[in-house]
Amino acid sequence: MWKSREETRRRRGAYFEQAAVGANEPAGMMYYNDQPADMIYYQGLAKEKLGKPVEAKARYNKLLDYGEQHMFDEMRVSYFAVSLPDFLIFDDDLDRRNQAHCHYLIGLARLGLGEKEAAARAFDQAILLEPAHQNAVRYRRITR
């Protein structure tokens, strides 16, 4: 019995190590082939489980910094933008979508940092700007 518990603990640690791997720089909302932002949030959660709170907070702070720094970027479509989702090139307010994405990133960061009320406000702002933002809706539920 003792070996099975130890084996289970070892396997969990290996899974958390795998979950902590990946790009730790957030990307904009423009291209579908970028790593999803919530993967950085999950990396932070995995780092916490591995007993690495400083590395976890670094992940959350990257999300927060990106969201705050890029909130008011003016978005433009490149002529060669072949990886845009949802036919964004036709009729969409890219600046509004970018702001929703930035609020979403801030919400993820605040959620990871344990600031549920601030996370809820950020997710609410993302949903207000883009009601179809499914991830903002999903994570908003977690803040209750």
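Glu68 is partly exposed, with a relative accessible area of 46%. In this predicted model, Glu68 forms a salt bridge with Arg110, and the closest N and O atoms of the two residues are 4.0 Å apart. Arg110 belongs to helix α4 and Glu68 to helix α3, so the contact ties together parts of the chain that lie 42 residues apart in sequence. A further salt bridge joins Arg110 to Glu115, with 2.8 Å between the closest N and O atoms. Glu115 is likewise partly exposed, because its relative accessible area of 32% falls between the limits of 20% for buried and 50% for exposed residues. Through shared partners, the salt bridges connect Glu68, Arg110 and Glu115 into one network.

The count of salt bridges comes to six. Among them is the pair formed by Arg97 and Glu130, whose closest N and O atoms are 3.9 Å apart. This pair links distant parts of the chain, with Arg97 in helix α4 and Glu130 in the loop between α5 and α6, 33 residues away in sequence. Both Arg97 and Glu130 are buried.

The protein chain that carries these contacts contains six helices and zero strands. Read from the N terminus, the order of elements is therefore α-α-α-α-α-α. The chain has 144 residues, of which 38% count as buried.

In soluble globular proteins, nonpolar side chains tend to be buried together. In the present model, the largest nonpolar core comprises 22 residues, and those with the most contacts inside it are Tyr41, Leu63, Tyr104, Leu108, Phe123 and Tyr139. Two or more residues of this core are supplied by each of the helices α2 (37-49), α3 (53-69), α4 (94-112), α5 (116-129) and α6 (134-142). Helix α4 gives the largest share, seven residues.

Tyr104, one of the core residues with the most contacts, is located in helix α4. Its relative accessibility is 3%, so Tyr104 counts as buried. Between the C-alpha atoms of Tyr104 and Val137 the separation is 9.6 Å, while the two residues are 33 positions apart along the chain. A second pair separated in sequence consists of Ile142 and Leu111, which are 31 residues apart along the chain and 8.6 Å apart in space, C-alpha to C-alpha. Ile142 is part of helix α6. With a relative accessibility of 40%, Ile142 counts as partly exposed, whereas Tyr104 is buried.

On the surface, a patch of positive charge is formed by Arg5, Arg9, Arg12 and Lys49. Helix α1 (residues 2-19) contributes the largest share of this patch, three residues. Arg12 is one of the patch residues and lies in helix α1. The relative accessible area of Arg12 is 52%, so this residue is classed as exposed, the limit for that class being over 50%.

Taken by element, helix α4 recurs in several of these features. It holds Arg110, the partner of Glu68 in helix α3, and Arg97, the partner of Glu130. It also provides the largest share of the nonpolar core, with Tyr104 among its residues.

Conventions: Residues numbered from 1 in each chain as written. Predicted model: local features only at pLDDT ≥ 70, side-chain atom pairs only at ≥ 80, totals over all residues. Heavy atoms only, no water. Patch = residues over 30% accessible without salt bridge, like charges linked within 9 Å, V, L, I, M, F, W, Y side chains within 5 Å. Areas by Shrake-Rupley, 256 points an atom, 1.4 Å probe, with all protein chains shown as cover. Salt bridge = Lys/Arg side-chain N within 4 Å of Asp/Glu carboxyl O. Lys, Arg positive; Asp, Glu negative; His and termini not counted. Charge placed at Lys NZ, Arg CZ, Asp CG, Glu CD. Helix = DSSP H or I, 4+ residues; strand = E, 2+ residues; numbered from the N terminus. Buried < 20%, exposed > 50% of the residue type's maximum accessible area, 1.4 Å probe, protein only. Core = buried A, V, L, I, M, F, W, Y, C linked by side-chain atoms within 4.5 Å.
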